[in-house]
Amino acid sequence: MTVVYAVAVGLLFAIGCYQLLGRDLLRIAFGIYLAFNGANLLIMALGTVPTGAAPFAQLRPPYVDPLVQSMVLTAIVIGFGLATFLLILAARLGEARSTLDAEVMRRWRR
């Protein structure tokens with residue numbers, strides 16, 4: 001199971017970084033969201049205790065620390081808010097300037 005988590009985290013980070021290198025603002029927002037979810041999955045995978053006793057009750061292994069789950073749940077909510085803000089910002093910029101190309105937007109400052 002650890003290998004599956006590692007592969008999933010690696011894929012999410014790789015796809016997120018690839019999207020961040022693009023010029024389209026929607027792709028950049030999607031890349032940030034994917035990398036954020038990869039970080040959440042990494043934290044969840046690290047919160048699993050494969051051996052030993054459960055932190056709060058006697059259950060069968062693998063145990064999951066509830067503190068990690070609550071932190072990731074909070075991070076998911078924050079990530080959803082961030083993604084919503086980025087998408088609305090990209091939509092407003094696209095509406096106002098008629099483009100979502102980051103390279104074109106970079107020239108506006110000059």
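This passage describes the fold, the helices, the nonpolar core and the salt bridges of a predicted model.

The protein contains four helices and two strands. Read from the N terminus, these elements follow the order α-α-β-β-α-α. The protein has 110 residues, and 24% of them are buried. Among contacts in the protein with a separation of 6 or more, 48% join residues that are 24 or more positions apart. The accessible surface of the protein amounts to about 7,700 Å². Carbon and sulfur atoms account for 70% of that surface.

Helix α1 spans residues 2-20. A nonpolar patch on the surface is formed by V3, V7, L11 and I15, whose accessible area together is about 360 Å². One of these patch residues, L11, is located in helix α1. The relative accessibility of L11 is 48%, so this residue counts as partly exposed. Helix α1 also holds A14. With a relative accessible area of 45%, A14 is likewise classed as partly exposed. A14 and A35 are 21 residues apart along the chain, and their C-alpha atoms are separated by 8.0 Å. A35 is one of the buried residues of α2.

Helix α2 covers residues 25-46. This helix has 22 residues, and the distance from its first C-alpha to its last is 32 Å. That reach is close to the 32 Å expected at 1.5 Å a residue. The buried residues of α2 are L25, I28, A29, G31, L34, A35, G38 and N40. The cover over these buried positions of α2 includes α1, α3 and α4. The asparagine in this list, N40, lies in helix α2 and has a relative accessibility of 6%. N40 is therefore counted as buried, the limit being under 20% relative accessible area. When residues up to four places away in sequence are not counted, N40 touches V72, A75 and I76. Of these partners, V72 and A75 appear among the buried residues of α3.

Helix α3 runs over residues 66-97. It comprises 32 residues and reaches 46 Å from its first C-alpha to its last. The value is close to the 46 Å expected for α3 at 1.5 Å a residue. Buried positions in α3 are V68, V72, A75, G79, A83, L86 and A90. Helix α2 is included in what covers the buried residues of α3. Just after α3, S98 adopts a positive phi of about 60 degrees.

The largest nonpolar core consists of five residues, namely L25, I28, A90, A102 and M105. At least two residues of this core are supplied by each of α2 and α4. Two of its members, L25 and I28, are also listed among the buried residues of α2, while A90 is listed among those of α3. I28 touches Q19, L20, G22 and A102, with residues up to four places away in sequence not counted. The contact between I28 and A102 thus joins two members of this core.

A search of the whole structure identifies two salt bridges. In one of them, the side chains of D101 and R23 meet with an N to O distance of 2.7 Å. This pair connects distant parts of the chain, the two residues being 78 residues apart. D101 is situated in the loop between α3 (66-97) and α4 (102-107), whereas R23 occupies the loop between α1 (2-20) and α2 (25-46). The relative accessible area of R23 is 46%, and R23 is therefore partly exposed.

The other pair is formed by E95 and R92, with the closest N and O atoms 3.8 Å apart. Both E95 and R92 lie in helix α3. They are three residues apart, about one turn of the helix. E95 has a relative accessible area of 61% and is classed as exposed. The relative accessibility of R92 is 55%, and R92 also counts as exposed because the threshold for that class is over 50%.

Conventions
Residues numbered from 1 in each chain as written. Predicted model: local features only at pLDDT ≥ 70, side-chain atom pairs only at ≥ 80, totals over all residues. Heavy atoms only, no water. Buried < 20%, exposed > 50% of the residue type's maximum accessible area, 1.4 Å probe, protein only. Contact = heavy atoms within 4.5 Å. Areas by Shrake-Rupley, 256 points an atom, 1.4 Å probe, with all protein chains shown as cover. Salt bridge = Lys/Arg side-chain N within 4 Å of Asp/Glu carboxyl O. Expected span 1.5 Å × (residues − 1). Patch = residues over 30% accessible without salt bridge, like charges linked within 9 Å, V, L, I, M, F, W, Y side chains within 5 Å. Core = buried A, V, L, I, M, F, W, Y, C linked by side-chain atoms within 4.5 Å.
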